[in-house]
Amino acid sequence: MDITDVKIFPVEEDKLRAYVTITLDHCFVVRDLKVISGAAGLFVAMPAKKRKDGSYKDIAHPLNAQTRERFEKAVLAEYERMLASPRGRDAGERVEAYADPD
């Protein structure tokens, strides 16, 4: 499985830095991942739905640490690239075909 597209939509809401949409193998889209600034730095939160009791439940998420790491690496690399680009924090920047090197 390859992450074939990453779209970054920057925001500035407290700790939230960006919303992210990823495409897997040019055929499956996952929306509403989030880049969040935490105590240990930036991390990627999976899309979640708020429950009636106020807690959150992931809608979609990796089933193992290796896949989570690949998602986070791809998203954060694109986020950093977007921040460094001359266009800066323009919404909708993206990278095509982020393939896992393995």
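Start your tour by selecting Leu24, which stands opposite Phe28 in strand E3. Keep in mind as you click around that this is a predicted model.

**The E2–E3 hairpin**

Now widen the selection to residues 16-24, which form strand E2. Strand E2 runs antiparallel to E3, and seven bridges join the two. How many residues lie between the strands in this hairpin? There are three, and in this hairpin Asp25 takes a positive phi near 50°.

Zoom in on Asp25 itself, found in the loop between E2 and E3. Asp25 is not a glycine, yet its phi is positive. Is Asp25 buried, exposed or partly exposed? With a relative accessible area of 38%, Asp25 is partly exposed.

**A look back at Thr4**

Select Thr4 next, together with His26. Thr4 has its place in strand E1, residues 3-13. A polar atom of the Thr4 side chain lies 2.8 Å from the backbone nitrogen of His26. Thr4 has a relative accessibility of 6%, so this residue counts as buried; the cut-off for buried is under 20%.

**From E3 into E4**

Follow strand E3 along residues 28-38 and go on to strand E4, residues 41-45. These two strands also form a hairpin, this one through two residues. They run antiparallel, with five bridges joining them. Two pairs are good to show as sticks:

- Lys34, whose bridge partner in E4 is Ala45.
- Ile36, whose bridge partner in E4 is Phe43.

While the strands are on screen, one general point may help with the view: in a regular strand the side chains alternate between the two faces of the sheet.

**The loop at Asp14**

Move to Asp14, in the loop between E1 and E2. What is the sign of phi in Asp14? Phi is positive, near 55°, in a residue other than glycine. At 71% relative accessibility Asp14 counts as exposed, because the cut-off for exposed is over 50%.

**Into the core**

Next, show side chains for Ile3, Ile8, Val20, Ile22, Leu33 and Val35. These are the residues with the most contacts inside the largest nonpolar core, which has 18 residues. Which elements give two or more residues to this core? They are E1, E2, E3 and helix H1, residues 65-84. Helix H1 supplies the largest share, six residues. As background, nonpolar side chains tend to be buried together in soluble globular proteins.

**Along helix H1**

Stay with the helix and select Phe71, which lies in H1. Its relative accessible area is 8%, so Phe71 is buried. Which residues does Phe71 touch, leaving out those up to four places away in sequence? Highlight Met1, Ile3, Ile22, Leu24, Met46 and Pro62 to see them. Your starting residue, Leu24, is one of these neighbours, and two others, Ile3 and Ile22, appeared among the core residues above.

For a distance to display, draw a line from the C-alpha of Phe71 to that of Val44: it spans 8.1 Å, although the two residues are 27 apart in sequence.

Then go further along H1 to Leu83. Leu83 is partly exposed, at 33% relative accessibility. Try a second C-alpha line, from Leu83 to Pro10: these atoms are separated by 9.3 Å, while the residues are 73 apart along the chain.

**Zooming out**

Now show the whole protein as a cartoon. It has one helix and seven strands, and from the N terminus on the elements run β-β-β-β-β-β-α-β. Of its 102 residues, 34% count as buried. The protein exposes about 6600 Å², of which carbon and sulfur atoms supply 51%. Among contacts between residues at least 6 apart in sequence, 38% join residues at least 24 apart.

**Last stop: confidence**

Finish by coloring the model by pLDDT. The mean for the protein is 86, and 84% of the residues reach 70 or more. Where does pLDDT stay under 50? Select residues 91-102 to see that stretch, for which the model has 37 contacts beyond four places in sequence.

Definitions and conventions
Residues are numbered from 1 along each chain as its sequence is written. This is a predicted model: local features need pLDDT of at least 70, side-chain atom pairs count only at pLDDT 80 or more; totals for chains, interfaces and linings use all residues. Side-chain values use heavy atoms; hydrogens and water are left out. Two strands pair if DSSP finds at least two bridges between them. Helices (H or I, at least four residues) and strands (E, at least two) are DSSP runs, numbered from the N terminus. Buried means under 20% relative accessible area, exposed over 50%, partly exposed in between (1.4 Å probe, protein chains only). A polar contact is a pair of N or O atoms within 3.5 Å; within protein, one must be able to donate a hydrogen and the other to accept it, and residues adjacent in sequence count only if both atoms are side-chain atoms. pLDDT is the predictor's confidence in each residue, from 0 to 100. Contact means heavy atoms within 4.5 Å. Accessible areas come from the Shrake-Rupley method with a 1.4 Å probe; for residues, only the protein chains shown count as cover. A nonpolar core is a set of buried Ala, Val, Leu, Ile, Met, Phe, Trp, Tyr and Cys residues joined through side-chain atoms within 4.5 Å.
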